[in-house]
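Subject: Structure handover

Hello,

Here is the structure I promised to pass on. Please open it alongside this message, and my notes follow below.

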Amino acid sequence: MKRLLAIGEALIDFIPSEHGKEMKAVSSFSPAVGGAPANVCAAYVKLGGQASMITQLGDDPFGDKIADEFASCGIGCEYVKRTKAANTSLAFVALKEDGNREFSFYRKPGADMLMEASDIQKNWFQDVFGLHFCSVSLGDFPMKEAHRQAVAYAAESGALVSFDPNLRFALWESTDALKAVVREFAPMAHVLKISDEELEFITGHTDIKEALPALLAGNTKLVIYTKGSEGAECYTRHARAFAPGAKVKAVDTTGAGDGFIGSFLYCLSADGVTVDSLGQLAQGQMERYLSFANKFCGKSVMGHGAIASYPTKEEMDAQ
């Protein structure tokens, strides 16, 4: 299998000691390595693939913790830079009584935000399977242009480009700016993952079928529509597929969506799917990939944290 690259934030998630409380009522938090692109790399690696992260960390103990975690779980650090110009980004998470998460970010700026387009090298993208990215690092700071450069190099090399908006409203002063940047970058991706919670904000539609003409635009050949416990759907211009969600008792949903797309990308890579063949996937293939990703998520949410909760290929194969 070819290597997956991901670009964006790698940070420390501070996980609450208690669930069902607003952040202001939580008594303590525990640090865990996170960041959506890093989680996607971890899922891909846990299943037996190879993945490397493109990011920048602070020259501080939290940056050391992330680098150590990457090394221990097998995520490549060859494209991870360190800087003294800003600290490693932090994110505090609370799991409220209604099941929704509350976030508070400490990155004004974070080290990842200061990575520049000139830091991205064309040779990194030779003979890789794909590049994955999200919207957290697409704000009005240098990392946005680093993303643009990385996407251009990946597309030029023939790699598959994957985008999960993974909206985090708390990071944006203007929701219009967030919507605009998602709509700008989405057509650059060959694979677009969007959740039922994000659909209306991004497209203006509540029905995925009405939104598809706008989503299957530009370079986009495959749209993945996730609906939590209700399952997931796949759409190309020629086929569609659905797989029901895994029925499990969720303990912690942190990183579940990242695990979904990471395991889905693993399936594409394992089957040798390329940019050219992506749009011709058959219904049966897509159903198989969706079922695998749903199962991966189901196993993940039964454990705590993101990376720590992701199952291995052996655990996925066990009944």
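Is N166 buried or exposed? N166 counts as buried, because its relative accessibility is 11% and the cut-off for buried is under 20%. The residue sits in the loop between β10 and α4. Its phi is near 50 degrees, a positive value in a residue other than glycine. Please keep in mind throughout that this is a predicted model.

**The whole protein**

The protein has 10 helices and 14 strands. Its radius of gyration is 18 Å, close to the 20 Å that the globule rule gives for 319 residues, so the protein is as compact as a globular protein of that length. Along the principal axes, the C-alpha atoms fill a box of roughly 50 × 45 × 40 Å.

Buried residues make up 55% of the 319 residues. The protein exposes about 13,300 Å². Carbon and sulfur atoms supply 48% of that area. Now take the contacts with a separation of 6 or more: residues 24 or more positions apart account for 71% of them.

**A four-stranded sheet**

One open sheet has 4 strands in the order β3-β2-β7-β8. The pairing is mixed. At the edges are β3 (29–34) and β8 (101–106), and each pairs on one side only. Neighbouring strands of this sheet are turned by 25 degrees against each other on average, direction ignored.

Look at β2, residues 11–16. On one side, 6 bridges join β2 to β3, and the two run antiparallel. There, I12 has V33 as its bridge partner, and D13 stands opposite A32. β2 also pairs with β7 (residues 90–95), in the parallel sense, over 3 bridges. In that pairing F14 stands opposite F92.

How many of the 6 residues of β2 are buried? The count is 6 of the 6, so β2 is largely enclosed by the rest of the structure.

One reminder for reading any sheet: in a regular strand the side chains alternate between the two faces.

**Aromatic rings**

There are 16 aromatic pairs. One of them is Y44 with F129: the ring centres are 6.4 Å apart and the planes are at 15 degrees, so the pair is stacked. This pair links distant parts of the chain. Y44 is in helix α1 (residues 36–46), F129 is in strand β9 (residues 128–134), and their positions lie 85 residues apart along the chain. Both Y44 and F129 are buried.

F103 and F105 form another stacked pair, because their ring centres are 5.7 Å apart and their planes are at 15 degrees. Their exposure falls on either side of the 20% cut-off. F103 counts as partly exposed, at 22% relative accessibility. F105 counts as buried, at 15%.

There is a cluster too. Ring pairs link F14, F29, F62, F92 and Y106. F14 and F92 were mentioned above, as they stand opposite each other in the sheet.

**The loop between β10 and α4**

This loop runs between β10 (160–164) and α4 (175–185), and A170 lies in it. What is the relative accessible area of A170? The value is 56%, so A170 is exposed. N166, in the loop between β10 and α4 as well, counts as buried.

A170 also has partners elsewhere in the chain. Leaving aside its neighbours within four places in sequence, A170 is in contact with F103 and F105. These two form the stacked pair described above. The C-alpha atoms of A170 and E102 are separated by 9.0 Å, although the two residues are 68 apart along the chain.

**The loop between β8 and β9**

Two backbone details are worth a look here. K108 and P109 are joined by a cis peptide bond, with omega at about -5 degrees. P109 is found in the loop between β8 and β9.

D127 lies in that loop as well. Its phi is near 60 degrees, a positive value in a residue other than glycine. Is D127 buried or exposed? D127 counts as exposed, at 57% relative accessibility. N166 has a positive phi too, but N166 counts as buried.

Best wishes

Key. Residues numbered from 1 in each chain as written. Predicted model: local features only at pLDDT ≥ 70, side-chain atom pairs only at ≥ 80, totals over all residues. Heavy atoms only, no water. Pairing = 2+ DSSP bridges. Axes fitted to C-alpha atoms, helices over the stretch in contact; angles between N-to-C directions. Rg over C-alpha atoms; globule rule 2.2 N^0.38 Å. Buried < 20%, exposed > 50% of the residue type's maximum accessible area, 1.4 Å probe, protein only. Contact = heavy atoms within 4.5 Å. Areas by Shrake-Rupley, 256 points an atom, 1.4 Å probe, with all protein chains shown as cover. Phe/Tyr/Trp six-rings, centres within 6.5 Å; stacked < 30°, edge-to-face > 60°.
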